[in-house]
Each structure stands twice: as C-alpha cells, then as structure tokens.
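Open the model in your viewer and keep the selection tool handy. We will go from one stop to the next, and at each one there is something to pick and something to look for.

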Number of protein chains: 2
Amino acid sequence: MMTPQSALARFYDLWGTLSDLRHAAEVLEWDQLVFMPPGGASARAEQLATLRRLAHEQLTSPAMGEAIAAAEAAVTATEADRAALRVARREYERAVRLPAALVVEQARAASAGYHAWLAARQAGDFRLFAPCLQRLVALARQRADALGHDGEPYDALLADHEPELSTAVVHALFEEVAAALLPLRQHLLEQPAPPPLGRPGPEGEQAQLELGRLAVTAFGFRWQDGRQDRSVHPFSTAFSPHDTRITTRLSTEDFAEGFFATLHESGHALYEQGIDEAWSRKPLEEASSTGVHESQSRLWENQVGRSQPFWEFLLPAARRVLPAVFGDRNAWEVYRAVNRLSPTLVRVEADEVSYHFHIVLRLRLELALLHGDLPVDDLPGAWDEASVQLLGRRPADLLEGVLQDVHWSGGDFGYFPSYALGNILAAIWMAAARQALPDLDRLIAAGSFSPLLDFLRRNIHRWGAWYTPAELVRRVTGEDLQAAPYLAALREKYGALYGV
Amino acid sequence: MMTPQSALARFYDLWGTLSDLRHAAEVLEWDQLVFMPPGGASARAEQLATLRRLAHEQLTSPAMGEAIAAAEAAVTATEADRAALRVARREYERAVRLPAALVVEQARAASAGYHAWLAARQAGDFRLFAPCLQRLVALARQRADALGHDGEPYDALLADHEPELSTAVVHALFEEVAAALLPLRQHLLEQPAPPPLGRPGPEGEQAQLELGRLAVTAFGFRWQDGRQDRSVHPFSTAFSPHDTRITTRLSTEDFAEGFFATLHESGHALYEQGIDEAWSRKPLEEASSTGVHESQSRLWENQVGRSQPFWEFLLPAARRVLPAVFGDRNAWEVYRAVNRLSPTLVRVEADEVSYHFHIVLRLRLELALLHGDLPVDDLPGAWDEASVQLLGRRPADLLEGVLQDVHWSGGDFGYFPSYALGNILAAIWMAAARQALPDLDRLIAAGSFSPLLDFLRRNIHRWGAWYTPAELVRRVTGEDLQAAPYLAALREKYGALYGV
C-alpha cells in the first residue's frame with residue numbers, strides 16, 4: 001500500500017524520465033539543425049525515432065496511468081501538484097487514445113509527404129504532392145476521431161497546441177479580426193510606402209549579430225543560461241530554464257530579416273528562462289500553449305522591437321554599428337521603415353497587419369479539408385481564390401501559393417492558428433502591461449526592459465503549463481480572450497505611421 | 001515459437017535501442033563539453049543519468065537476455081552475427097553481474113571523489129582526497145569481485161577496456177618495455193636538447209587551426225561525416241561512422257600542443273569513420289578496445305605526425321601558414337623539435353619515450369591499491385618513490401605528482417594501461433603497414449596517406465568489435481602481442497634523432 005507522499009513521488013519520478021527523454025531528443029534536434037555534419041542524418045533519424053518512441057512508451061505505460069491515478073488521490077497534493085496532475089492527465093489521455101499503428105502510419109506519411117512536397121515545389125506541379133496530402137488529411141481525420149471530439153474534429157487537432165480552446169471560439173475570433181483589418185490593410189496599401197533602410201551588405205554580418213545581441217541582452221536574456229547560433233531557419237529550443245538556445249539567419253540585403261528573427265526567438269527563450277525552476281522535470285515545466293509561446297516571441301519582436309520607443313533606445317548603437325543600414329535616420333524614420341506594409345503573398349515575409357490573413361486563409365482551408373468539403377485536388381484553386389479575397393492578389397506560382405508552407409506536408413493540421421493567436425495574445429499582454437506600467441514607453445526608450453520582463457515573468461512565464469491560454473487571459477486581464485486590444489494596437493500604430 | 005530469423009531480428013532490434021540510447025548520451029556529452037552554456041549543467045546531469053540508466057536497463061533486461069540466447073541458437077546466424085553475439089554476450093554478462101546498488105554507489109562516490117580531488121588540488125593537501133579515494137578503491141574491488149575473476153581482481157577491471165587481455169600479460173609486457181627503455185631515456189636526457197620551434201602567438205590561432213585541418217584532410221578525414229570544434233580538453237566522439245566529432249585546444253606558446261592533439265583526435269575519428277556501416281546499431285559497431293582505439297590516435301599522432309617524411313610533406317604549407325613557428329627550418333629540424341625529450345613529470349605533456357613510464361607507475365600503484373598492499377594514506381609517498389625510480393625525479397608538488405590525473409577521482413581503475421597499450425599496438429600496426437607498403441615513407445612524404453589508411457581500414461577499422469585486441473594482432477602480424485616493434489621503432493627514431 002503506497003502512502004500519498006510516495007504516490008506523488010512515484011508520479012514525478014516517472015515524469016522526470018519522460019521529461020529527460022524529451023529534452024534529450026530536443027538536444028539532438030538542435031544539433032541536427034545547427035552543427036551536425038550532413039553525413040549524420042540517417043543515424044540521427046534512428047536515434048530520434050528511438051527517443052521519441054521511448055518517450056511515448058513512458059507516457060502511455062500502465063505504470064504512468066496508475067501513478068497519475070494514485071497521485072490524484074493523494075491528499076497531500078498541493079495546488080501545484082494538482083495543476084501538474086491536470087496537465088499530466090490531459091497528455092496521458094490523449095496519448096493512450098492514439099493507436100500505435102496510427103502514429104507509425106502518420107510518421108511514414110509525413111516523411112513521404114515532405115519529399116513529395118519538395119518534388120512538387122521543384123517541378124511546380126501540385127499533382128506530385130496531392131496523393132500524399134490526401135493521405136495526410138485522411139490520417140489527420142483518423143487522428144482527430146481517435147482523440148475524440150464533440151462533432152468538430154478540428155477541436156481535437158487544435159488541442160495538440162491550444163489546450164481547451166475550441167475551434168468555434170478561435171474561428172469566430174479570427175474572422176472578427178479579419179473583417180476589421182480588411183479595410184485597414186486595403187487602405188494602407190494605397191498609401192505611399194515609407195523609405196526603406198539601407199543594405200547591410202556581406203561586410204555587415206558581425207555587426208548584425210552584435211546589434212541583435214545588444215538588443216537581446218537589454219531585454220534580459222541570460223547568456224549564462226543560453227546561446228545563439230546560426231541556422232538555415234531561425235528557431236528556439238530549451239532543455240531547461242538554464243539552457244535555452246536560439247538561432248538566427250542573416251540577410252545581406254535586409255537587416256530586418258535577421259534582427260527581428262533574433263528578437264522573435266529571444267522572446268521564446270525569455271519565456272523558457274522564466275518558467276519556475278520548481279517545475280523542472282515536471283508537467284508544469286512546459287509552456288501554457290503554442291500560442292502563448294508565440295505571444296512571447298511576437299511581443300518582443302513586434303510590440304517592443306517594432307515600436308518607436310525601442311528605436312529611440314537602440315538607434316545610437318545601431319547607427320554606430322551598422323552605418324550602412326541606418327545612416328543618419330532618426331527613430332521615427334526607422335520606426336516607419338520596419339513597419340512598412342508589404343504586398344507579399346508569402347506568410348513568413350508578411351507585415352503585422354497582413355499576417356493575420358495568411359492564417360485565416362489556412363484555417364478556412366484546413367477546416368474544409370478536414371470536414372471533407374474540399375477535395376485535395378481542388379485545394380490550389382481554393383487557395384488562389386482565398387488569396388484574392390483576403391490578400392488582394394492571386395499567387396503567381398505554387399511557391400507563393402499553396403506549396404509555400406512545410407506544415408501540411410508533415411501532416412501538421414491545427415498548428416497555424418497558434419501563430420495568429422500569438423499576435424492577439426501579445427497585444428493583450430502588452431495592453432495589460434501598459435496598465436500596470438503607465439510609463440512603459442519611457443522605460444523602453446531608456447532601455448529599461450526589466451519592468452516589462454518582470455511583468456511577464458510574474459503573470460505568464462513562471463506559471464509554465466499551470467494555466468490554459470484562456471485561464472491566463474482571465475487572470476491577467478479579468479476578461480475573456482478577445483480581439484479588441486489587438487485591433488486597437490494595430491489601428492493606433494498604423495494610423496500614426498501612415499497618417500490615416 | 002520464434003523462427004531463427006525472427007530471433008536474430010528481435011536481438012538486433014533490442015540492441016538498436018541500446019545503441020541509440022548510448023549515442024544520444026554521447027551527443028549530450030559532446031554538447032556539454034563544447035557548446036552548452038554553464039547554466040545547463042544540472043539539467044544535463046539529470047538527462048544523462050536518465051539516458052545511462054535506460055541504456056543499462058535495456059542491456060540487462062530479461063528480454064535482452066532471452067533475445068541473445070534465442071539468437072545464439074539461430075541456425076541462420078552468419079559469422080558476423082556470431083561475432084556480434086559474442087560481443088553482446090560479453091557485455092550482457094558483465095552488466096547483469098553488477099548489482100544496481102553498487103552501480104549507484106560508484107556513481108555517487110565518483111561524484112564526491114571528483115569534488116574532493118579538485119579541493120585537494122586547490123589546497124595542495126592529499127588528505128582532503130584520501131577518504132574518498134579509499135572508498136573508491138573499496139568499491140572498485142567490490143566491482144571486480146562482482147564481475148568475477150580467477151584471483152586477480154584487476155583482470156575484471158581491465159576487461160572494461162581490453163576484452164580478454166589478462167593483467168599478467170599486460171603487466172609483464174609493460175615491465176619489459178620499461179626495463180628496455182629506462183637506459184635509453186636516461187641516455188637521451190643527457191644529450192643536448194634540439195632547438196624548439198617558434199611561438200605561434202595569439203595572432204596565429206586561425207593559422208594553427210588551418211594547418212591542423214590541412215593535415216587531417218590529407219589523412220583522409222571525411223568532413224561531410226565529421227567536424228572539429230574547440231574545447232577545454234581535446235577529445236573525440238562518434239555517433240555513427242558518418243558523424244564523428246573531434247575537438248582541439250590551442251596554445252599561443254606551443255604550436256605542438258594543439259596540432260598533435262588534432263592529429264591524435266583525428267586518429268580516433270578515422271577509426272570510427274572506418275567501422276563497417278553494416279554494423280551500425282549492432283554490437284560490432286564499437287571499437288575492438290580502448291587500447292586499439294588509442295593505437296589509432298597514437299599512430300597518426302606519433303608514427304605519422306612525428307615522422308620526418310610527414311614534415312617533408314607538410315613543411316611548405318606550415319612555413320607559409322605559420323612563419324612565426326617554422327621560420328626557415330627544414331624537415332629534419334622540425335622533426336627533431338617535435339620529438340624533443342622532456343623531463344616533465346606530467347603524463348599529458350610526456351614525450352614518446354617517457355610516456356610509457358607514467359603508465360607503468362600508475363599500473364603498479366593501481367595493483368597495489370586493489371590488492372590491499374598499499375594503504376591509500378601511503379599513496380603519495382609511493383607515487384613519489386616510483387617517480388624517482390621511473391622518471392628520475394621527485395614531484396615538486398601534488399599537481400605534478402599523485403593528484404595530476406582525474407581518473408582515480410572517478411573510480412576509473414584499469415583505464416591507464418590502454419594508453420600504453422595504444423603506443424605498443426600503434427608500432428605493431430605501423431611495422432605491419434611497412435611490410436605491406438615498402439615505400440610508405442615516400443608515400444607519406446608525398447602526402448599520399450590513403451594507402452596507409454586503406455591498410456588500417458582493411459585490417460582494423462572495418463571490423464569494429466569483431467576481434468579482440470589480441471586477435472587483431474594475430475590476424476595482422478601472425479604473431480602474439482609483443483613489445484619488439486615498439487622498442488625497435490623508438491630505438492631507431494631516437495637513435496637517429498639524437499645521434500646515439
């Protein structure tokens with residue numbers, strides 16, 4: 001007969017192994033993207049598959065199920081224990097519902113899908129990808145049904161990223177934002193574009209890194225607990241609050257590409273550095289959700305990094321370090337330049353106003369595919385129509401159209417909403433921070449970011465997975481998740497920037 | 001009822017998971033030593049402990065025991081399968097004999113020992129380390145008894161590194177070499193030292209790296225299957241034949257330090273790159289032994305890198321890249337300089353002739369400790385006496401005496417012999433290569449290393465763990481392990497160098 005204490009200890013012990021396996025896999029993935037020699041790929045794939053399989057076995061083992069149940073019954077459980085057990089129960093239930101055969105089949109289809117996607121991009125022929133995509137959609141539907149839902153299969157997929165957030169809520173929120181932003185974007189695109197910044201050139205590489213490092217250090221990134229490297233696509237990862245890694249990619253043409261990627265990834269890393277150490281190797285060590293994670297990156301990238309006060313702070317250093325980019329521009333001119341609206345149809349190049357439409361487009365199509373309302377063969381046409389409607393233009397080819405993103409090729413349906421949710425949440429946090437810190441702009445202009453970071457630490461970071469996204473919003477604002485702060489921030493910013 | 005085929009498949013399947021866990025741990029260790037931010041240490045320790053524990057559980061599980069036995073009975077097993085099963089059986093038997101409590105206790109004592117060793121070094125007081133060392137010796141003895149032996153407990157520890165090699169054979173061989181080299185060393189130390197090379201200085205860092213890279217590339221290191229980084233202590237590791245990593249450390253004072261470390265580590269990596277891919281994730285993917293591994297590093301470092309033909313090849317590039325070091329010296333002068341005898345008492349700084357005495361000293365003391373003939377409190381005195389006898393001088397302090405090496409602080413008894421064995425084996429391989437390639441010196445002087453590498457590939461590398469060290473020697477030379485080629489090579493080299 002186990003005592004309550006030993007039931008909790010046993011649960012945390014089993015979870016600690018799971019956590020270590022996951023973090024080990026993440027170290028291997030980081031290495032794969034940053035330093036691994038090309039020859040290492042096939043052995044690395046085996047090593048990762050084994051770690052992921054062992055983690056899945058650890059999570060779904062009968063021992064874990066019994067340990068969670070026994071710990072749930074423990075009368076000595078604290079509030080934090082109970083929060084951890086809620087997260088563990090949620091993860092466990094989802095994992096045990098997925099048949100092993102389906103997981104294997106999805107992995108196989110994802111691998112085939114990725115190669116077919118590459119081939120289709122190369123050949124400019126969607127038909128090379130279509131059969132794989134059809135299979136991936138069917139498997140996503142099977143996955144949703146296996147996970148269980150109340151008639152809306154997308155709910156089950158969304159829950160991979162956003163716990164306890166319904167498709168209905170997200171969809172309505174996104175469409176509300178789209179309706180409000182459509183005329184604003186249209187109007188802004190008709191205005192003359194602000195003059196761009198200068199080219200950094202190949203000789204500006206070190207200076208670009210230095211400026212990014214300067215900004216991230218000012219934000220409060222702890223370098224003894226993290227590092228930055230370069231990779232083909234910028235990303236961030238964390239193996240503990242004391243080991244967070246970010247990467248960046250530099251462009252010789254456009255300073256903004258590498259710089260804002262650095263701010264973006266540092267936002268993710270600041271979140272990870274702020275999660276309470278007491279949750280390490282426990283369920284609460286994770287983020288609240290993908291969207292909340294994204295809200296931290298977007299907050300530092302857009303709400304801070306693309307603000308005028310930020311450029312008042314950084315400009316003296318920027319002009320010194322990168323004269324080719326900044327010349328004798330003032331903060332207002334830089335502020336305007338880094339917020340230029342862009343008519344691009346490529347999501348990853350989109351500006352703050354346009355970004356949302358890229359997600360609405362994908363969400364509509366994902367829902368139609370998953371519901372069986374849109375045959376895969378009709379997807380390119382549907383994409384192009386939605387592009388005209390939402391972004392004002394038909395893609396010239398598949399690369400700025402339906403084949404631009406890698407996600408679907410890996411069977412990742414339900415992921416895109418988190419990006420837009422991140423923008424909406426970032427504005428919510430920033431509005432709340434402004435209420436708590438009325439002189440926030442002055443602080444930012446003075447390079448004093450710790451009051452803002454402390455606010456995020458106290459209200460969001462430290463809690464890890466304790467609260468769901470909706471709970472976090474209610475705790476921080478006292479209200480439900482809503483679009484108003486996001487719309488207000490965009491209207492204010494772009495109204496001033498474009499004088500409209 | 002399993003068919004023979006499925007018994008083998010099941011065995012390889014279980015071993016594949018073990019291999020992946022080990023390689024994953026090695027990736028985490030590499031990262032820890034090369035790129036991990038300092039804050040990451042404590043989470044990394046947990047992650048590594050979990051991976052090592054899971055690997056141990058995988059190896060010692062009843063399923064593994066049954067799979068090995070079933071596979072051994074499989075009539076379809078090939079020669080390679082049988083060799084793999086011999087290795088698996090050996091590892092399995094040793095692992096299951098170790099009580100889990102002893103393994104845990106050893107890990108704990110090693111951790112305490114390491115910190116006590118650091119403290120004792122800092123304070124210059126052996127007594128701070130003595131109680132921990134006493135415990136570590138007692139545990140090593142328990143470990144040897146648990147593993148089993150025929151009255152010589154050191155056999156069991158040696159077998160961690162050198163399968164099927166007895167203490168009696170190693171000890172006799174080492175004492176024979178020591179007796180033969182003692183007068184040679186004494187005589188050489190009385191000769192005037194050759195003039196040293198110049199200082200590379202801080203501005204020569206990139207050039208030092210470039211020269212090392214040039215040499216390693218000429219040896220045949222496949223950069224698409226490996227990389228080089230910098231670390232506090234040079235080391236090498238491999239996650240597959242297509243992912244081998246080496247590190248180096250540079251000195252601004254002494255070019256030889258970083259350069260020969262690079263050659264040394266590249267020798268390890270060339271071995272790993274040459275192990276037959278068909279053994280990947282199977283027992284044969286490992287090296288034959290620690291000593292055989294070391295023989296590859298010593299061969300490229302000393303037999304090749306410290307030869308005159310090698311400097312005939314490299315000198316033009318070396319003089320161009322590092323004029324401060326090489327000036328207008330000719331190959332003979334460089335050859336003499338990089339083979340200077342050194343009176344140092346520190347093992348890792350020892351020259352080729354002196355190195356052996358450092359190991360003999362340690363082997364004698366390890367045997368005395370393990371047999372209970374030498375109380376730990378008497379160890380510093382015994383060390384100093386042996387130092388006088390073997391190296392001609394009493395250590396000035398503990399750092400060039402008994403506290404110089406980290407190994408004992410981690411409970412590593414039985415490891416040192418592999419270093420000296422590596423030297424002896426390297427000379428054996430090189431003598432055999434000279435027989436097969438009579439114009440080897442001319443090839444090396446012409447920068448043509450592939451005939452030598454091919455010889456090593458065919459005779460040693462590709463076999464992985466198929467043959468024990470003694471079997472490899474017999475296959476390559478038709479004779480038993482012996483000291484003659486090593487002594488002959490040293491006498492010839494130093495006779496010519498010092499004109500004695």
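How many residues does the contact take from chain A and from chain B? Colour the two chains separately and look at where they meet: 34 residues come from chain A and 34 residues from chain B. Keep in mind as you go that this is a predicted model.

**Stop 1: the interface**

Show the surfaces of both chains. Chain A and chain B bury about 2,600 Å² between them, and 60% of that lies on carbon and sulfur atoms. Now select Phe35(A), Pro37(A) and Gln47(A): in chain A these lose the most area to chain B, together 19% of what that side buries.

**Stop 2: charges and polar pairs across the interface**

Side chains of opposite charge can pair when their charged atoms come close. Six salt bridges are found across the interface of chain A and chain B. For one of them, select Arg245(A) and Asp31(B), where the closest N and O atoms are 2.8 Å apart. Turning to polar contacts, the count between the two chains is 16 residue pairs, with both residues at pLDDT 80 or more.

Which elements supply the side of chain A that touches chain B? Highlight α1 (4-34), α2 (41-60), β1, β2 and β3 of chain A, since each supplies at least two residues. Helix α1(A) gives the most, with nine residues. Colour this side of chain A by class and you should find 14 nonpolar, 10 polar and 10 charged residues.

**Stop 3: the sheet of chain A**

Next, select the three strands of chain A. They form an open sheet in the order β1-β3-β2, with mixed pairing. At the edges are β1 (226-230) and β2 (236-240), each pairing on one side only. Neighbouring strands of this sheet are turned by 20 degrees against each other on average, direction ignored.

Zoom in on β1(A) and β3 (residues 243-248) of chain A: they run parallel and are joined by five bridges. Label Gly226(A), and opposite it in β3(A) you will see Thr244(A). Then bring chain B back into view, where helix α2 (residues 41-60) packs on the sheet and touches β2 and β3 of chain A. The direction of this helix makes about 75 degrees with that of β2(A).

**Stop 4: a salt bridge within chain A**

Finally, pick Arg230(A) and Glu205(A), whose side chains meet in a salt bridge at 3.1 Å, N to O. This pair links distant parts of the chain, 25 residues apart: Arg230(A) is in strand β1, and Glu205(A) is in helix α9 (residues 205-219) of chain A. Over all chains, the count comes to 70 salt bridges.

Note on methods: Residues numbered from 1 in each chain as written. Chains lettered and ligands numbered in written order. Heavy atoms only, no water. Pairing = 2+ DSSP bridges. Helix = DSSP H or I, 4+ residues; strand = E, 2+ residues; numbered from the N terminus. Axes fitted to C-alpha atoms, helices over the stretch in contact; angles between N-to-C directions. Contact = heavy atoms within 4.5 Å. Buried area = accessible area lost by both parts, 1.4 Å probe. Salt bridge = Lys/Arg side-chain N within 4 Å of Asp/Glu carboxyl O. Polar contact = N/O pair within 3.5 Å; in protein donor to acceptor, adjacent residues only side chain to side chain. Nonpolar A, V, L, I, M, F, W, Y, C, P; charged D, E, K, R; others polar.
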